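Hi,

Here is the structure I promised to pass on. Have a look at it first, and then read on for what turned up.

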Amino acid sequence: MILALLALLAGLVLLVWAGDHFVTGASQLATALRIRPAVIGAVVLGFGTSAPEMVVSSLAAINGEPALGVGNIVGSNVANVSLGLGVAALLMPIPFSRMALRRDVPWSVTTAAIFALLVVDGTLGRFEGGLLAVLMAFTLVWLVRSSRDDTLPSDAVTSPVAQDAGRPITSLIRALLGLFGVILGAQFAVEGATALAEHWGLSDGFIGFSVVAVGTSLPELATVVAAARKGHAELIVGNLFGSNVFNSLAVGGAMGLVGAGAIDDPTLTGLGIGAMMVVIVLAYLSALVGKRASRIDGVALLAIYIGAMVLLGVS
């Protein structure tokens with residue numbers, strides 16, 4: 001019990017410290033390569049901060065606990081949009097660029113819906129995993145090619161941190177070291193949180209949706225807080241919605257390919273999936289209407305997250 005609590009606290013401290021270096025290195029790299037920060041946020045940060053979900057969910061499928069893995073994906077998607085975006089909006093208003101509203105956010109909603117349709121019948125097999133993996137490969141190619149249209153103009157105004165970008169290799173090393181620290185911190189936090197949850201006698205599906213999902217979403221939350229402190233709104237949007245794409249396609253695909261099989265948790269595949277889609281669609285509609293996430297939106301998103309957690313816990 002005490003060791004689990006210490007692991008959780010150590011993971012949180014490491015996440016905050018490493019997340020700051022991760023965001024700084026990534027934003028400087030984006031400027032040095034003259035690429036729009038949202039692309040770095042979606043590809044580098046989105047994929048990197050989804051690594052804990054990939055590890056946890058794949059191991060859960062291999063160990064015959066697919067409900068834990070799927071609950072992790074669903075809960076992480078909910079936490080990214082409601083908890084992550086909600087906390088970010090409380091720290092600073094988050095504007096949504098035209099490109100984000102036209103491409104990044106809609107694709108995040110679409111991939112989450114595809115994942116939901118494939119698992120709502122209570123199974124996640126190799127066919128579904130292969131389909132999700134193919135869509136992930138398409139997404140990567142699409143993002144890289146479209147980034148050619150996202151290059152920064154020569155007179156672009158960047159943040160003070162980005163203006164001091166220095167050499168690309170230095171920024172890359174700083175980002176990778178920060179990413180390593182974020183993943184390591186997440187592992188400590190997840191192991192500690194999971195041990196505490198098991199000590200309290202919670203089910204696999206609920207552990208995956210709540211404790212493990214929050215734990216594996218801590219990298220996103222840590223980078224969001226660091227990015228908000230430095231005023232990098234595009235990194236926040238790219239990271240959170242990009243992470244949801246990787247969760248739905250890459251993590252879901254990996255689970256299917258290793259043979260997750262029957263999920264055997266009707267509450268998770270019913271109410272949990274429904275909560276995920278409601279939260280994601282509401283966040284998208286709010287972004288379309290206001291073109292930004294304000295502090296009021298942040299409070300509403302956090303309230304939705306708490307409500308979803310309580311509703312699933314009661315069910």
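Let me start with Ile-273, which sits in helix 12. Bear in mind throughout that this is a predicted model. Ile-273 has a relative accessibility of 7%, so it counts as buried. Its C-alpha atom is 9.7 Å from that of Val-70, although the two positions lie 203 residues apart along the chain count.

Helix 12 comes up again on the surface. There is a nonpolar patch of about 560 Å², made by Val-278, Val-281, Leu-282, Leu-285, Leu-288, Val-289 and Ile-304. Which helix gives the most to this nonpolar patch? That would be helix 12, with six residues. If you want one residue to click on, try Leu-288, which is in the patch and belongs to helix 12. Leu-288 comes out at 33% relative accessibility, and therefore as partly exposed rather than buried. So within helix 12 you can set Leu-288, partly exposed, beside Ile-273, which is buried.

Now for the enclosed spaces. The count comes to four cavities of 30 Å³ or more. I looked at the second largest cavity, which holds about 50 Å³ of space. Its lining is made up of Leu-85, Phe-96, Ala-283, Ser-286, Ala-287, Arg-292, Ala-293, Asp-297 and Leu-301. Three elements supply at least two residues each to that lining: helix 12 (266-290), strand 4 (292-293) and helix 13 (295-314). Helix 12 leads here as well, giving the most with three residues. By type, the lining of this cavity has six nonpolar residues, one polar and two charged.

There is also an open space to look at. The second largest pocket holds about 210 Å³. What lines the second largest pocket? The residues are Val-55, Val-56, Leu-59, Ala-60, Asn-63, Glu-65, Leu-68, Gln-187, Val-190, Glu-191, Thr-194 and Val-212. Helix 3 (51-62) and helix 8 (168-199) each put at least two residues into this lining. It divides into seven nonpolar, three polar and two charged residues.

Those two helices can also be followed through a pair of alanines. Ala-51 is in helix 3, and its C-alpha atom is separated by 9.5 Å from that of Ala-186, 135 residues apart along the chain. Ala-186 falls within the 168-199 range of helix 8. Is Ala-51 buried or partly exposed? With 21% relative accessibility, Ala-51 counts as partly exposed, because the buried class is for values under 20%.

Last, the charged contacts. How many salt bridges does the structure hold? Just one. The partners are Asp-104 and Arg-103, whose side chains meet with an N to O distance of 2.9 Å. Asp-104 is at 11% relative accessibility, so it counts as buried. Arg-103 is at 9%, so it counts as buried too. In other words, both ends of that salt bridge are buried, Asp-104 as well as Arg-103.

If you open the file with a particular spot in mind, I would begin with helix 12, since it gives the most both to the nonpolar patch and to the lining of the second largest cavity.

Cheers

Notes
Residues are numbered from 1 along each chain as its sequence is written. This is a predicted model: local features need pLDDT of at least 70, side-chain atom pairs count only at pLDDT 80 or more; totals for chains, interfaces and linings use all residues. Side-chain values use heavy atoms; hydrogens and water are left out. On a 1 Å grid over the protein atoms alone, a cavity is a set of points where a 1.4 Å probe fits but cannot get out, and a pocket is an open set with protein on both sides within 12 Å along at least five of seven lines; lining residues have an atom within 4 Å of a point. Grid points are joined across faces, edges and corners, and a volume is the space filled by probe spheres set on the points. Helices (H or I, at least four residues) and strands (E, at least two) are DSSP runs, numbered from the N terminus. Ala, Val, Leu, Ile, Met, Phe, Trp, Tyr, Cys and Pro count as nonpolar, Asp, Glu, Lys and Arg as charged, and the others, Gly among them, as polar. A salt bridge is a side-chain nitrogen of Lys or Arg within 4 Å of a carboxyl oxygen of Asp or Glu. Buried means under 20% relative accessible area, exposed over 50%, partly exposed in between (1.4 Å probe, protein chains only). Patches are made of residues with over 30% relative accessible area and no salt bridge: like charges are joined within 9 Å, nonpolar side chains (Val, Leu, Ile, Met, Phe, Trp, Tyr) within 5 Å. Accessible areas come from the Shrake-Rupley method with a 1.4 Å probe; for residues, only the protein chains shown count as cover.
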